[in-house]
Amino acid sequence: MAYSNEWNEAYKNNSHMSIWPWSDLVSCVYRYANPKDGYQRVLELGCGAGANIPLFLALDCSYYGVDGSQIITAKLLETYPQLKGKIITSDFSKVHHSEFDNYFDLVIDRASITHNDTFAIKRILESVIIYLKPGGKFIGIDWFSTQHSDFEKGHAIDSYTKTNLPHKSQFSGVGQVHFSDKEHIIELFTDAGFIIERLEHKERVSILPDNNHLFASWDIIAYKSI
């Protein structure tokens, strides 16, 4: 897919402007890819409004971020001028950055790759494993699950990808949304050459209001063999 115009408009309208590190990502970094253990060079795909940047700067990592929205990357460079040359505007679903090959210890993604269709996700993971050094890790947080209430809504792009989700959906106005089951996750990562270290399924049910909404997603820790 081309970079989603819906996300560009969202950033233009100051929507989806998360600025605090995602707690599940923080936990996974400390447990499975601690900078003290050598995971110093970090690439974030879909860095958005920069929620995770303060974490990696505080850990004295060499942080790089890629996002398809020129609007949001310009805002990030205003906030973090020290990251000039490290915040890149690019559609990572289409562009392979050969200058990154075999360079990073860790690649992270918080619910960004999962806004692509199956074909694009396969292509992204093929690039990610090339970006990683041997032994490098990938941490993916909140890859949406087929158990999610919204999986049955919208229009199908492929067996796992939906678009045009209704107004009351969590994903209204954000373009494509990919939902995965266990077998699909394992196939995607295995085919790309990864070894999955840990795969967690999370579910949250709304009690109040009682709208029967289930949020379900996957957290993925995978690595490139040495």
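**View A. Tyrosine 103 is partly exposed, with a relative accessible area of 22%.** In this predicted model, the close-up sets that residue beside tyrosine 64, which counts as buried at 12% relative accessibility. The structure holds 17 aromatic pairs, and one of them joins these two tyrosines: their ring centres are 5.9 Å apart and their planes stand at 85°, so the pair is described as edge-to-face. Because tyrosine 64 belongs to strand S2 (residues 62–67), while tyrosine 103 is in the loop between strand S3 (87–89) and strand S4 (104–110), the pair ties together parts that are 39 residues apart in sequence.

**View B. Tyrosine 64 also forms an edge-to-face aromatic pair with phenylalanine 104.** Here the distance from centre to centre is 5.3 Å, and the angle between the planes is 80°. Since tyrosine 64 lies in strand S2 and phenylalanine 104 in strand S4, this pair ties together parts that are 40 residues apart in sequence. Phenylalanine 104 has a relative accessibility of 0% and therefore counts as buried. Both partners belong to one aromatic cluster, which is formed by Tyr64, Phe100, Tyr103, Phe104 and Tyr131.

**View C. Two arginines are placed over aromatic rings, arginine 110 over tryptophan 22 and arginine 204 over phenylalanine 215.** Arginine 110 lies over the face of tryptophan 22, at 3.5 Å from the ring centre. In the other pair, the charged end of arginine 204 is 4.5 Å from the centre of the ring of phenylalanine 215.

**View D. Backbone geometry is the topic of this close-up, which takes in a cis peptide bond and two residues with positive phi.** Most residues other than glycine have a negative phi, and most peptide bonds are trans. The peptide bond from leucine 208 to proline 209, however, is cis, with omega near 0°, and proline 209 is found in the loop between strand S9 (194–205) and strand S10 (214–224). Aspartate 60, which is not a glycine, has a phi near 60°; this residue lies in the loop between helix H3 (53–58) and S2 and is exposed, with a relative accessible area of 63%. Alanine 111 likewise is not a glycine and has a positive phi of about 55°, but alanine 111 sits in the loop between S4 and helix H5 (118–131) and counts as buried at 9% relative accessibility.

**View E. Helix H5 has 14 residues and reaches 20 Å from its first C-alpha to its last.** That span is close to the 20 Å expected at 1.5 Å a residue. At the start of H5, a side-chain oxygen of aspartate 117 reaches to within 3.3 Å of the backbone nitrogen of phenylalanine 119. An α-helix has 3.6 residues a turn, so residues three or four places apart point the same way. The buried residues of H5 include Ile121, Ile124, Leu125, Val128 and Ile129.

**View F. The largest nonpolar core contains 27 residues, of which Leu43, Leu45, Trp143, Phe189 and Phe194 touch the most other members.** Strand S1 (41–45), S2, S4, H5, strand S5 (132–144), helix H6 (182–192) and S10 each supply at least two residues of this core, and H5 gives the most, with 6 residues. A second, separate core has 22 residues, among them Val29, Cys47, Ile87 and Ile108. In soluble globular proteins, nonpolar side chains tend to be buried together.

**View G. Tryptophan 143 and threonine 114 are in contact with each other, and this close-up follows the surroundings of both residues.** When neighbours within four places in sequence are left aside, the contacts of tryptophan 143 include Asp109, Ile113, Thr114, Ile121, Leu125 and Phe138, and they also include Ile185, Leu188, Phe189, Ser217, Trp218 and Ile220. Threonine 114 has its place in the loop between S4 and H5 and is buried, with a relative accessible area of 0%. Not counting residues up to four places away in sequence, threonine 114 touches Ile121, Asp142, Trp143, Phe144, Val177 and His178.

Technical notes
Residues are numbered from 1 along each chain as its sequence is written. This is a predicted model: local features need pLDDT of at least 70, side-chain atom pairs count only at pLDDT 80 or more; totals for chains, interfaces and linings use all residues. Side-chain values use heavy atoms; hydrogens and water are left out. Rings of Phe, Tyr and Trp (its six-membered ring) pair if their centres lie within 6.5 Å; planes under 30 degrees apart count as stacked, over 60 as edge-to-face and the rest as tilted. Helices (H or I, at least four residues) and strands (E, at least two) are DSSP runs, numbered from the N terminus. Buried means under 20% relative accessible area, exposed over 50%, partly exposed in between (1.4 Å probe, protein chains only). A charge sits over a ring if NZ of Lys or CZ of Arg is within 6 Å of the ring centre and within 35 degrees of the ring normal. The expected span of a helix is 1.5 Å times one less than its number of residues. A polar contact is a pair of N or O atoms within 3.5 Å; within protein, one must be able to donate a hydrogen and the other to accept it, and residues adjacent in sequence count only if both atoms are side-chain atoms. A nonpolar core is a set of buried Ala, Val, Leu, Ile, Met, Phe, Trp, Tyr and Cys residues joined through side-chain atoms within 4.5 Å. Contact means heavy atoms within 4.5 Å.
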